[in-house]
Amino acid sequence: MLEAPIPSQNESRANQAFDALLMSLSRPGDVQVLPVAGEQTIVEALLDRECRVYCADPMLMPGVLATGAMIAEADAADHVFFGNTIDPATLAQIRVGSDLYPDDGATVILRAVLGSGPRLCLSGPGIEHTKEVSLGGLPSGFWEQRRERIRYPMGFDLFFVDGDRVMGVPRSTQVEVL
């Protein structure tokens, strides 16, 4: 009789984080809870040796390197970790995929203040009608720059992290600043 391996504590935590990330993209604007506060649990859940990563946060870099992921510039990265430093010039370089391969768009992870700041109205798949959220800590013009870069199905997916809470905004979500 075969037995299934028992996952380690790290594997269980990474699986819980992955589930929270998937749920946050499936239900844009809904806040999900990560098993551990911060982006490190997202690093463990998403990255492996086949990933190309841009990391602007030096505190996250040891965890990124431990995954075996390749370090890349923002325009070649599959995953972009901004931390607190969201440079509009770097945001303009993020991969959005192509007409033939829209899934080549990047996944962007950044810190924000959930439930505080400018009000946004979200609409699109996963949202019954519309959803209003507040999201602070982003640079001026962030949503306009995103709107200019997204041409669905091309674009990039966003995860906003605030402690142990995460909110996803996939490329398919329309965002209006109220």
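**Exercises on salt bridges, strands and a pocket**

Glu44 is partly exposed, with a relative accessible area of 30%. The model used in these exercises is predicted.

**Exercise 1.** Find which residue forms a salt bridge with Glu44, and state where each of the two residues lies.

Solution.
- Step 1. The partner is Arg13, and the closest N and O atoms of the pair are 3.3 Å apart.
- Step 2. Glu44 belongs to helix H2 and Arg13 to helix H1, so the salt bridge ties together parts that lie 31 residues apart in sequence.
- Step 3. For context, the whole structure holds 10 salt bridges.

**Exercise 2.** Describe the salt bridge between Lys131 and Asp30, then place Lys131 in its strand pairing.

Solution.
- Step 1. The closest N and O atoms of Lys131 and Asp30 are 3.0 Å apart.
- Step 2. Lys131 is in strand E7, while Asp30 sits in the loop between H1 and strand E1 (31-33); the two are distant parts of the chain, 101 residues apart.
- Step 3. The relative accessible area of Lys131 is 27%, so Lys131 is partly exposed. Asp30 also counts as partly exposed, at 27% relative accessibility.
- Step 4. In the strand pairing, Lys131 of E7 stands opposite Leu122. Strands E6 (residues 113-123) and E7 (residues 131-136) run antiparallel and are joined by six bridges.
- Step 5. E6 is also joined to strand E10 (residues 174-177), again antiparallel, by four bridges. There Cys121 has Glu176 in E10 as its bridge partner.

**Exercise 3.** Decide whether Glu39 and Arg111 are buried or partly exposed, and name the network they belong to.

Solution.
- Step 1. The side chains of Glu39 and Arg111 form a salt bridge of 2.7 Å, N to O.
- Step 2. Glu39 is in the loop between E1 and H2 and Arg111 is in strand E5 (residues 107-111), 72 residues apart.
- Step 3. Buried means under 20% relative accessible area. At 5%, Glu39 is therefore buried, whereas Arg111, at 25%, is partly exposed.
- Step 4. Through shared partners, salt bridges join Glu39, Asp57 and Arg111 into one network.

**Exercise 4.** Work out which element gives the most to the lining of the largest pocket, and classify the lining residues.

Solution.
- Step 1. The largest pocket holds about 170 Å³ of space.
- Step 2. Its lining includes Phe18, Leu46, His79, Thr107 and Asp157.
- Step 3. Helix H1 (9-26), helix H2 (40-46) and strand E8 (157-162) each supply at least two lining residues. H1 gives the most, with four residues.
- Step 4. By class, the lining has seven nonpolar residues, two polar and one charged.

Conventions:
Residues numbered from 1 in each chain as written. Predicted model: local features only at pLDDT ≥ 70, side-chain atom pairs only at ≥ 80, totals over all residues. Heavy atoms only, no water. 1 Å grid on protein atoms, 1.4 Å probe; cavity = no way out; pocket = protein on both sides within 12 Å on 5 of 7 lines; lining within 4 Å. Points joined across faces, edges and corners; volume = space filled by probe spheres on them. Nonpolar A, V, L, I, M, F, W, Y, C, P; charged D, E, K, R; others polar. Pairing = 2+ DSSP bridges. Salt bridge = Lys/Arg side-chain N within 4 Å of Asp/Glu carboxyl O. Buried < 20%, exposed > 50% of the residue type's maximum accessible area, 1.4 Å probe, protein only.
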